[in-house]
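This briefing covers helix packing and a few single residues in one protein chain. Please keep the sequence and the structure open while reading.

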Amino acid sequence: MNNYKVAAEKALDIMSIKANKPSHKVLLCAMMAGVFIGLGFIYCVIANVQGAGKIVGGLVFSLGLLLTLVLGADLFTSTTMTVMAVASQKITLKKMLSNWGLVYLGNFIGALVLVGLIIMSGHPFDNGGQIGLYYISTAEHKLAHTFVEAVGLGILCNIMVCLAVWMSLSAHTLIDKMVAVLLPVGLFIAAGFEHSVANMFMVPAGIYSLMLATPEMLNHLTDTEILRTTLTWHNFFIQNLLPVTLGNIIGGSIFVSLFQWVIHLKD
């Protein structure tokens, strides 16, 4: 049996196991992943604020996916690959969709918990509010995409994320996993692709940073009133989260999971 088929069968087994976990464990593992991805984004923001740039920011963001893989958390973007378990008749379509919904909810809860913790800690308002200003500007940028652009960026992002997860399946050590994850994740951050779970942290962090902005921060902002009408929960859901989630589903389930399934596992 060739190594490619071995990796595909391993991915199939893992996706089947993930989809069949008890609901309460799925929710807890998903909440954990929401926190981990948010932590990765915090690291990325600090790198950018300190002038390290997008490439370094992308590399350090990979911490979030690495924590997810090592600690067995459930991340929605990689969970889209459970479609291969449906194609192999390991699980039903209903089971897959139920799992997707639970993971998505858990990721959102975890991301919002982390947002609450960073706001409570005062982290966005350190260094004259430079970190909070970065959250605000990044959130504003994410809401500026058209629907079609956001879908496309979501597709490209999850192709890279799922390829990173797929490659990590061949890893035998923690170092192997780090190497597998580092460059694909670094690319999607540096290129500005859109990750729904990362946005569950990033955009709310921007919304609350604007709501609680210090006078010093407001002095660095132009058209504050326009910003307040732009950075809203409604705009976040409609202009970003919905199309990016759709793109993530297409990128992970079709361009990676089903593509590999057809090549290596379909009779």
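**Helix H3 and its surroundings**

Directly after H3 comes Gly72, which has a positive phi near 70°. The model is predicted, and the points below take H3 first, then the helix pairs, then selected residues in loops and in H13.

- H3 spans residues 53-70, which makes 18 residues.
- From its first C-alpha to its last, H3 reaches 27 Å, close to the 26 Å expected at 1.5 Å a residue.
- The buried residues of H3 are Gly57, Gly58, Val60, Phe61, Ser62, Gly64, Leu65, Leu66 and Thr68.
- The cover over these buried residues includes H2 (23-49), H8 (147-168), H9 (174-191) and H10 (196-211).

**How the helices pack**

Two packed helices are described by the angle between their axes and the distance between the axes. Three pairs follow.

*H3 with H9*

- The axes of H3 and H9 are 7 Å apart, and the packing angle is about 130°.
- An angle of about 130° is neither over 145 degrees nor in the range 65 to 115, and H3 and H9 are therefore oblique to each other.
- The crossing of H3 past H9 is right-handed.
- On the H3 side, the contact is made by Lys54, Ile55, Gly57, Gly58, Leu59, Phe61, Ser62, Leu65, Leu66, Leu69 and Val70.
- On the H9 side, the contact is made by Leu174, Lys177, Met178, Val181, Leu182, Leu183, Val185, Gly186, Phe188, Ile189 and Ala190.
- By type, the residues of the contact of H3 with H9 are 16 nonpolar, four polar and two charged.

*H8 with H9*

- H8 and H9 have axes that come within 8 Å and cross at roughly 175°.
- This angle makes H8 roughly antiparallel to H9.
- H8 contributes Cys157, Met160, Val161, Ala164, Met167 and Ser168 to the contact.
- H9 contributes Lys177, Ala180, Val181, Pro184, Val185, Leu187 and Phe188 to the contact with H8.
- The contact of H8 with H9 has eleven nonpolar residues, one polar and one charged.
- Lys177, Val181, Val185 and Phe188 of H9 appear in the contact with H3 and also in the contact with H8.

*H2 with H10*

- The axes of H2 and H10 cross at roughly 65° and come within 9 Å.
- H2 is therefore roughly perpendicular to H10.
- H2 passes H10 with a right-handed crossing.
- Gly34, Ile37, Gly38, Phe41, Ile42 and Val45 of H2 meet Val197, Ala198, Phe201 and Met202 of H10.
- The contact of H2 with H10 holds eight nonpolar residues, two polar and no charged.

**Loop residues**

*Between H5 and H6*

- Ser88 is in the loop between H5 and H6, and Gln89 is in this loop, which joins H5 (83-87) and H6 (93-121).
- Ser88 counts as partly exposed because its relative accessibility is 25%.
- Outside the residues up to four places away in sequence, Ser88 touches Leu12 and Trp261.
- The C-alpha atoms of Ser88 and Lys266 are 7.9 Å apart in space, although the two residues are 178 residues apart in sequence.
- Gln89 is not a glycine, yet its phi is positive, about 60°.
- Gln89 has a relative accessible area of 73%, so it is exposed.

*Between H6 and H7*

- Asn127 lies in the loop between H6 and H7 (130-142).
- Asn127 is a residue other than glycine with a positive phi, near 55°.
- With 52% relative accessibility, Asn127 counts as exposed, because the cut-off for exposed is over 50%.

**Residues of H13**

- Ile249 lies in H13, and Gln260 has its place in this helix, residues 233-264.
- Ile249 is partly exposed, with a relative accessible area of 22%.
- Ile249 touches Phe76, Thr80, Trp100 and Ile254, leaving out residues up to four places away in sequence.
- Ile249 and Met81 are 168 residues apart along the chain, and 8.6 Å separates their C-alpha atoms.
- Gln260 counts as buried because its relative accessibility is 17%, and buried means under 20%.
- Leaving out residues up to four places away in sequence, Gln260 touches Trp166 and Leu265.

Methods. Residues numbered from 1 in each chain as written. Predicted model: local features only at pLDDT ≥ 70, side-chain atom pairs only at ≥ 80, totals over all residues. Heavy atoms only, no water. Helix = DSSP H or I, 4+ residues; strand = E, 2+ residues; numbered from the N terminus. Expected span 1.5 Å × (residues − 1). Buried < 20%, exposed > 50% of the residue type's maximum accessible area, 1.4 Å probe, protein only. Contact = heavy atoms within 4.5 Å. Axes fitted to C-alpha atoms, helices over the stretch in contact; angles between N-to-C directions. Parallel < 35°, antiparallel > 145°, perpendicular 65-115°, else oblique. Left-handed = near helix turned anticlockwise from the far one by under 90°. Nonpolar A, V, L, I, M, F, W, Y, C, P; charged D, E, K, R; others polar.
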